[in-house]
Structure formats: structure tokens, C-alpha cells
Amino acid sequence: MSGVNLRRIGIGMLGYAFMGKAHSHAWKDIPIFFWPPPAIPDLVVIYGRTENKVKEAALRYGYKRFTTNWREVVKDPEVEIVDNCLPNHLHKNPTIEAMEEGKHVVVEKPLARSAEEAKEILDAYRRSKVKAMVAFNYRFVPAVMLAKKLIDEGFLGRIYHFRARYLQDWLIDPNFPLVWRLQRESAGSGPLGDLGSHIVDLARYLIGEPKKVTGMMKTFIEERPLPRDPSKKGRVTVEDSFVATIEFENGAIGTLEATRFATGRKNYNNFEINGEKGSIEFNLERLNELKVYWHEEPIKDIEGWHTILVTEEHHPYIRYYWPSGHIIGWEHTFINELYHFLDAVVNDKDIGPQGATIEDGYRNMVILDAIAESAKRGLAIEIRY
Ligand code: SOE
């Protein structure tokens, strides 16, 4: 097909840093891998607080325009999809106003800084007629999608345990500056919202609804140098680490942990699921692989953990990329998720259950708030949405 009569769709980007870069790259790459695409994304306008930086980002990423006023993005008539990649304190208002302007919205995780803020977004979504998704990109790792397929097809049988750890170590240097992720006002929480939101989402996506949690949180380094004046220090107002226990409605129990002080762990999003028939383990640092153990292994001599290279044509999404065995990267999870969203918008399909809905984002925040409340009160907290 020539592609000349393909629909085009305007993208308005909020933010140009880490996630703004990952999402801009993903929007541009969709037609390269998913052809014909539901529509060809046009990078119309990008917002950033600092003019010289957002001007450079517009040139670098390929946006037609740039602005230092996010309301210009959510009101731009050429923009049909607003992609909110701003820090957490700027998830609520731009997302709500974009929905009120009739724009379809992707918003990075966590949905908000609290369940209360997330509920305001959910209420605005319910009043709107738009499509909206929370960018939990690890749902779109082929190996994670294979894990879900195996669980849903009964490969593990009854699930006993879900054990997840999201471990990083970028804060072990006490001289690392007091960036926005370390400030409650801008981030809402530390690794609980930043990393815990991912493993709580995976818990719900793979296992089901949690029933009860307990939590413990710790801040190891209370003060850090200010980014603009390292001779001065400011208080860290979020946790550096959390651990939690979780009980699911289906009877499974497990543990959740996230920290930025796991020396040697770089982006170690790891889960292990144990069932009556076998187990599954995933490690984001080896994202093309899935480890499986099948208790009913027919050939007893080879009973043991097997490492599957999830790069075959029949594996989720792989057919859009490369032939057998040519692995994909972390950035491809964003291409997959934004393709999924674009397909839902253009062809009027549901975001869930594959993509995370605004309801999923709200429930995620309720669970995170419950872990924080348990850590404060020293009690187990029932999950109530
Ligand atoms: C934190 O460093 C972070 O960038 C998270 O914000 C992302 O969601 C995660 O995918 C990688 O680590």
C-alpha cells in the first residue's frame, strides 16, 4: 500500500526530559515497525518550562512547534493526543484540562501523587468521551506478555506467590543532588510511586486484585546538595526505600520492594511467580528472556529452570521488529504501548485489559497509599477502591 492516503494524527508532548525523549522516539518509530500504522503520528508541539531547552528539544525530536505554556498544547486544534511526560505534580491539571478539551491522553506513571489526585483524574475521564491510558510500559515487554499468557492458560495452575523487587542504586552517593524525585511536593513519594507503581501494576496485571498490604519505608540519607548550589543542602522529603507484603483476593501472597540503594542493581525490575504446577521469573535487565520451571516436566532428567529467549515470530509484538533471535530493547516497550494506544484511538478499541486504564492508574495509587499508611501506622491495611 502506498500509504499516501493514511490518516495523520497530531501529538502534543508535555515534557522533553527522560520520558519526553522515550515517548517522542516511540511516536516517530511506530510507522517504521507497525506498517501500515493506524495513523501516522505528527509531532505537532512540545512543552517545556525553559525556552532554550524546549526549543532545542523540538529541533532534536522533530516537533513543528514548542511552547513554555502547557495550556497552549492542550488547546492546540492540531493536537488530538496529549502525551503527559511531566513530573508527577503536573500529571493532574494538564491531564484533566486535556480531557476537557476533548484530547485523547497518555499520562506517565504514577497517575498522580496520591489516590485523591488520581480520583480527580478518574472523575474527569468519566465525564469525558476520550481514550486515556497510563503508560505502564512493562505490560508491553514481550516476555511479560508471555508470562501473562502462560498464567492465563493455566501453565502455573493455582498461584501461591508473587514476589517483586524493583532495585536501583543511583542514590548511594550522598552527594547526588536533591532532584525533583526526592521532593514530596513534586514527586508525591520516592521509589514507592516511581518504582513501586510498576510492580504493583504488574501484580494486578498478572495476578489480580490485592486484598491487604503492610508496608515499611526508610530514608537513609536525610539531606542532599541543592542542584543549583551544591554548597547548600536541602531535606529529602520522600522515602529512599520501601518493603511491603501483599495478599491477593485469590489467596496468593507475596512481597514487594523498591529502592534506590540496592548497590549494584541498575534497573532490576524482577518478579517471580510460584504456582502449583511451576514458576516464572522475569528480570528487566535481561528483558528478552523469561525463566520458567514446569513441575510436570515430562522428561525428568531435564526438570529445572529453563530460560526462554522471547524473540520468536509467535511471541507478542516480535513479528513487528526483527527475525528470530534479534533481541529488542527497553525503548521498544514504549513503541509497543503507544502503538496500542494509537490503535485504540483510531479504531475505537478498548485500552484495557492490555493497556493500563485510568481506573488501573487510580487503583494503583490506592494500593501505594495503603502501603504508605501501613508504614506510618504499623498496621495491615485493607484495599478499598
Ligand atoms: C526511575 O529512575 C525510572 O526512570 C522510572 O521513573 C521509570 O518509570 C522506570 O521505567 C525506570 O526508572
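**View 1. Lys-109 and its polar neighbours at the ligand.** Let's start at the ligand, where one of its oxygen atoms is 2.9 Å from an N or O atom in the side chain of Lys-109. Please keep in mind that this is a predicted model. Arg-181 also reaches towards the ligand, with a polar side-chain atom 3.2 Å from a ligand oxygen. For Tyr-166, a polar side-chain atom lies 3.5 Å from an oxygen atom of the ligand. On its own the ligand has 310 Å² of accessible area, and the protein covers 91% of that.

**View 2. The shell around the ligand.** Here we step back to take in the residues that surround the ligand. The aromatic names on the list are Phe-18, Tyr-138, Tyr-166, Trp-170 and Trp-330. Lys-109, Arg-181 and Asp-194 are in the shell too, as are Gln-168, His-198 and Asn-267. Sorted by class, this shell holds five nonpolar, three polar and three charged residues. The ligand takes up the space of the largest pocket.

**View 3. Helix 9, a covered helix that brings His-198 to the ligand shell.** Helix 9 spans residues 196-206, and 11 of its 11 residues are buried. Gly-196, Ser-197 and His-198 are among the buried residues at one end, and Ala-203, Arg-204, Tyr-205 and Leu-206 are also buried. His-198 is one of the residues surrounding the ligand. Charged side chains are part of this covered helix as well, including Asp-201 and Arg-204. After the helix comes Gly-208, with a positive phi near 135°.

**View 4. Helix 4, enclosed by its surroundings.** Why is helix 4 described as largely enclosed by the rest of the structure? Seven of the nine residues in this helix (residues 92-100) are buried, so the rest of the structure largely encloses it. The buried residues are Lys-92, Pro-94, Thr-95, Ile-96, Glu-97, Ala-98 and Met-99. Just past the helix, Gly-102 adopts a positive phi of about 80°.

**View 5. Ile-308 in strand 16.** Our last stop is a strand residue. Ile-308 belongs to strand 16, which runs over residues 305-309. Is Ile-308 buried or partly exposed? Ile-308 has a relative accessible area of 28%, so it counts as partly exposed, given that buried means under 20%. Gln-354 is 46 residues from Ile-308 along the chain, and their C-alpha atoms are separated by 22 Å.

Note on methods:
Residues numbered from 1 in each chain as written. Predicted model: local features only at pLDDT ≥ 70, side-chain atom pairs only at ≥ 80, totals over all residues. Heavy atoms only, no water. Buried < 20%, exposed > 50% of the residue type's maximum accessible area, 1.4 Å probe, protein only. Helix = DSSP H or I, 4+ residues; strand = E, 2+ residues; numbered from the N terminus. Near = heavy atom within 4 Å. Polar contact = N/O pair within 3.5 Å; in protein donor to acceptor, adjacent residues only side chain to side chain. Areas by Shrake-Rupley, 256 points an atom, 1.4 Å probe, with all protein chains shown as cover. 1 Å grid on protein atoms, 1.4 Å probe; cavity = no way out; pocket = protein on both sides within 12 Å on 5 of 7 lines; lining within 4 Å. Sits in = over half its atoms within 2 Å of the grid points. Nonpolar A, V, L, I, M, F, W, Y, C, P; charged D, E, K, R; others polar.
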